[in-house]
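Me: I'd like to understand the words people use for a model like this one. Could you take me through a few of them?

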Amino acid sequence: MVRFDDSIQKRLAIAGVIVIIAFGVLLGRLWTLQIIAGEKYFEMAESNRVRTVSISASRGVIYDRNGEILVNNRPSLVVTVIPSELKNKDVLLRLSELLDMVPNEIEEKLEDKKVDPLKPRTIKYDINEDTAVYIKEHSADFLGVEVKVEPVRNYSTSTVAAHVLGYLGEISEDEFEKMKDKDYKLGDLIGKSGTEKQYEEILCGVRGFQQLEVDASGKVIRILDENESVAGNNLQLTIDNNLQLATEKSLQEAIKAANKEGYKDANAGAALVMNPNTGEILAMASYPTFDPSLFTGGISSKQWAGLNDETSGFPLLNRTMMCSYAPGSVFKPITYLAGLMEGVISYNSTFNCTGKWTGMGESWARYCWKRSGHGQMNLSSGLSNSCDVVFYEIGYKLYKEKGEKLQKWAREFNLGSKTGIDLPSETKGRVPDKAWKKKFNENYPEYQAWMPGDTVNLAIGQGDLLTSPLQIASVYSAIANGGTVWKPHLGKNVLTAEGEEIHEFKKEKVLDIPVPKTIIEKLQKDLRRVIVDGTAKNAFAGFPIKVAGKTGTSQVKSKDDFAWFACYAPLDKPQYVVVVLIEQGGHGGSIAAPAARRILAAVHDIPSTGPVTVLDRSR
């Protein structure tokens, strides 16, 4: 019988223990995997087999006030890519060549690490059918790439009303953070500007989803569950598309006319039409403009840089309400009312315009736009002729009254505050006063004091006063309707997808101006004189509708003059307020007033639109 010595027996015993321990560890691990973590790994396996895909809702249609479609949706053949599956460089290169895109462009669209790597990302819209068929037929060569049909925004009127409508873009991380309680996901398209942004919640709808069973390669085997998306509600605007077209055309003609007059830097402007009795915006035009369809499918970095380059004139700006300017003489009606209401002048006060005003002393002389002087003026002729001396005198009297009386009356018309229009990014302009000047010049103590000349400049709409064209439209609406400031608005109705009205946007009063009816009527009569025998008589010669209004020519340092005109019509029953501004366009009576005439001609369907320019050097 074979016997082992003691040392060998010990070694065999140790080996046996090691084997038993190793088996114990393996059994323990197996128990952990199957029993303790089994549920977790089952879920992981299940998630590889089941994929949930969200379905975007069709966005609501936007109509004009007459039911004409401004924005709807159209089907588009799109290519999507699942970022986690496009790891093969050769596939990327082949895809970029097929889609006529540079590889970096595709990679940019896929690079956002925070978006679910399993979520397909759209990299190109509106591919042709041949390309779609090729990708389908060679799907094995393009793993993770899919062709499908998606609804995209269709701007039926191209660039018309672009600033009113706005555009869509991918939700940013900041926006997502702010809207995380709502049903949005990174990568979603949302309204970025205009009514698309303002009424996002009305237009966006409710997303649906599909729960899909897929195989190891990601191929869909069957639909396990499905919840259809709900289309967004439709939105009807107060805009009249025909009037919008006429307003945009007139604005562009005015800019061309200014160029012909020698104002070579006139390349931008704004015009709008408003109902003075409701605040409804009937037309809103800003130039230069842009095509919202550029943003369909994501704008390229090159296109975005082009839209924001200084040489482009910043076409994304809605100059009617995002920009503020010195209003010049279109502000004079407020000085007119302030002088009467504060009792520093009477309606019969007289003024002597020699072309030069020295009310603050010879060292602080101011000049009228008419250097030869207007002669004897009263309040009425002073307004109709836009005589600066008359308004210097009123401004100086208001300054001596203390209490910032002129600023008070500017604010009575809601200047210095947002109008509250239902569009994002509105400017509030500026009504300068002592406190503002001190703060503005906090690093320059020598410029902090409010001087008499500041109020004198303010009286003719110059100095540090800033207003938007929309604010001026609001001021003239209040004058036209007898003293009520209405909130401007673009929303008219919310409709279901079937066309049923579910909400009407009512007019909203902002404030009543505390001016007696008799004084407002005097101002209305004198604004009519501006058209009949004042600074706008040439622009409106022969016009068959009675109009009341005011020219304005504001001065900006180192630039050509800015041309303004604000008016309303018909005189006896105002239905339309029109404001036109041409940046560096010269004189209001020459350039802006004829443009307003053409817009009013379109409103009243008058075939003869009158002169494109007239000779008028007034302010």
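Reply: Happily! Ser-468 is in contact (heavy atoms within 4.5 Å) with Thr-320, Met-321, Cys-323, Ser-324, Thr-427 and Trp-564, leaving aside neighbours within four places in sequence. This is a predicted model, where local features need pLDDT of at least 70, side-chain atom pairs count only at pLDDT 80 or more, and totals for chains, interfaces and linings use all residues. Residues are numbered from 1 along each chain as its sequence is written, and side-chain values use heavy atoms, leaving out hydrogens and water.

Me: Why does Ser-468 count as buried?

Reply: Buried means under 20% relative accessible area, with exposed over 50% and partly exposed in between (1.4 Å probe, protein chains only). Ser-468 has 0% relative accessibility, so Ser-468 counts as buried.

Me: How do you know that the span of helix 10 is close to the expected one?

Reply: The expected span is 1.5 Å times one less than the number of residues. Helix 10 (residues 241-260) has 20 residues, giving 28 Å expected, and reaches 29 Å from its first C-alpha to its last. A helix here is a DSSP run of H or I, at least four residues, and a strand a run of E, at least two, numbered from the N terminus.

Me: What covers the buried residues of helix 10?

Reply: The cover includes strand 3 (69-81), strand 11 (268-274), strand 12 (281-287), strand 23 (576-583) and helix 20 (588-603). Among the buried residues of helix 10 are Leu-243, Glu-248 and Ala-254.

Me: What follows helix 10?

Reply: Gly-262 does, with a positive phi near 105°.
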